[in-house]
Amino acid sequence: MKKMLKVMLVVLYSLLLMMLTYLGDFYRADLNAVQALTSDKTVKVEETPDSFIFIPLETNLSTGFIFYPGGKVEPEAYAPLMRSLAEKGVVTVIAKMPFNLAVFNQEAANKVMAEEDLSTIESWYIGGHSLGGSMASDFAVSNPDLVKGVVLMGAYPNKSPEDTGLFYLAITGSEDRIINRQSFESASWADTTQFENISGGNHSYFGDYGLQEGDSEGTISRTEQQSITDFLIDSFIKEAK
């Protein structure tokens, strides 16, 4: 019994160590992303315990976009993308996730919407990258009365959005080597889904965290891919209003 107990303790310790190593290994935001977290005369940046908020200073705050980061990617990595969208007049919020995994906090949008400073938002949209996109879609499908549209970047829905009345925008990169293409094509999509494929884009360039293991370098720059992405999201929101 003592030997068996020792073996069990060693196994449990090993599993715990492996889990902590896995959760502690993530993609970190680069310098460009960190610099995008600074307020200026066009966008005010606020950090809360649960999120990063980008508030346009020269527009009425009536439209908001909640973003769920990709799996094991630091939330700050998406600051350039979300800041650029805020400069177009949309309040953007990057939700922080436990262990940088949105699967542990699918309901993060509820806290964002409850923020007192965001009480003027009349229309909410939600989206995310990779795993974060799938979790954002799950939230929207479960709460179609709270959001108007969903934006997925290198991601696809887990649950069918059929009959929810939600508008969907699915953005992918032609050089993405991370997304499961078969799962993407066989997923249940809303009839309203707008599909956009960025020629030369990859999986990693939606954020500023380097190149994800297994991904392609892409044939366009990170800046160009994000510029196209912001244009597509801004257009999508304006058309859905």
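**Figure 1. Helix α3 is mostly covered in this predicted model.** Of its eight residues, seven are buried. Here they are by name: Ala79, Pro80, Leu81, Met82, Arg83, Leu85 and Ala86. One of these, Arg83, carries a charge story too, since a network of salt bridges links Asp40, Arg83 and Glu87. Across the whole structure, a search finds seven salt bridges.

**Figure 2. The loop between β3 (63–68) and α3 (79–86) holds Glu76.** What is the nearest side chain of opposite charge to Glu76? It is Lys96, 6.3 Å away, and Glu76 is buried yet has no salt bridge. With a salt bridge defined as side-chain nitrogen and carboxyl oxygen within 4 Å, a separation of 6.3 Å leaves Glu76 and Lys96 unpaired. Setting aside residues up to four places away in sequence, Glu76 touches Ala29, Ala33, Leu37 and Phe52.

**Figure 3. Lys72 and Phe99 are two non-glycine residues with positive phi.** Lys72 sits in the loop between β3 and α3, with a phi of about 60 degrees. For Phe99, phi is near 55 degrees, and its place is the loop between β4 and α4. Are these two residues buried or exposed? Lys72 is buried, at a relative accessible area of 13%, while Phe99 is partly exposed, at 48%.

**Figure 4. Eight strands make up an open sheet with mixed pairing.** Follow the strands across and you meet them in the order β1-β2-β4-β3-β5-β6-β7-β8. At the edges are β1 (43–47) and β8 (194–198), each of which pairs on one side only. On average, and ignoring direction, neighbouring strands of this sheet are turned by 15 degrees against each other. Helix α5 (residues 131–142) packs on the sheet and touches β3, β5, β6 and β7 (167–173). The direction of α5 makes about 145 degrees with that of β5.

**Figure 5. Strands β1 and β2 form a hairpin.** Three residues lie between the two strands. β1 and β2 (residues 51–56) run antiparallel and are joined by five bridges. Glu47 has Phe52 as its bridge partner in β2. Phe52 is also among the residues that Glu76 touches. Look as well for the salt bridge between Lys44 and Glu46, where the closest N and O atoms are 3.0 Å apart. Lys44 is partly exposed, with a relative accessible area of 39%, whereas Glu46 counts as buried at 17%.

**Figure 6. Gly149 lies in strand β6.** β5 (residues 123–129) and β6 (residues 149–153) run parallel, with five bridges between them. Which residue is the bridge partner of Tyr125 in β6? That partner is Gly149. Gly149 is buried, with a relative accessible area of 0%. Not counting residues up to four places away in sequence, Gly149 touches Trp124, Tyr125, Ile126, Leu166, Phe167 and Phe236. The C-alpha atoms of Gly149 and Gly127 are separated by 8.3 Å, although these glycines are 22 residues apart along the chain.

**Figure 7. The largest nonpolar core has 34 residues.** In soluble globular proteins, nonpolar side chains tend to be buried together. The residues with the most contacts inside this core are Ile66, Tyr68, Leu118, Trp124, Ile126, Val147 and Tyr168. At least two residues each come from β2, β3, β4 (91–95), α4 (108–113), β5, α5, β6 and β7. Which of these elements gives the most to the core? It is α5, with five residues. To see how Ile66 is surrounded, leave aside its neighbours within four places in sequence: it is in contact with Val93, Ala109, Val112, Met113, Trp124, Tyr125, Ile126 and Gly127. Apart from this core lies another, of 33 residues, whose members include Phe65, Ala77, Ile220 and Phe236.

**Figure 8. Asp234 and Lys238 form a salt bridge.** The closest N and O atoms of this pair are 3.1 Å apart. Because they are four residues apart in helix α7 (residues 222–240), Asp234 and Lys238 are separated by about one helical turn. Asp234 is buried at 9% relative accessible area, but Lys238 counts as exposed at 52%. For another salt bridge, turn to Glu175 and Arg177, with closest N and O atoms 3.2 Å apart. Arg177 is partly exposed, with a relative accessible area of 46%.

Terms used. Residues are numbered from 1 along each chain as its sequence is written. This is a predicted model: local features need pLDDT of at least 70, side-chain atom pairs count only at pLDDT 80 or more; totals for chains, interfaces and linings use all residues. Side-chain values use heavy atoms; hydrogens and water are left out. Buried means under 20% relative accessible area, exposed over 50%, partly exposed in between (1.4 Å probe, protein chains only). Lys and Arg count as positive and Asp and Glu as negative; His and the chain ends are not counted. Contact means heavy atoms within 4.5 Å. Two strands pair if DSSP finds at least two bridges between them. Axes are lines fitted to C-alpha atoms, for helices over the stretch in contact, and angles run from 0 to 180 degrees between N-to-C directions. A nonpolar core is a set of buried Ala, Val, Leu, Ile, Met, Phe, Trp, Tyr and Cys residues joined through side-chain atoms within 4.5 Å.
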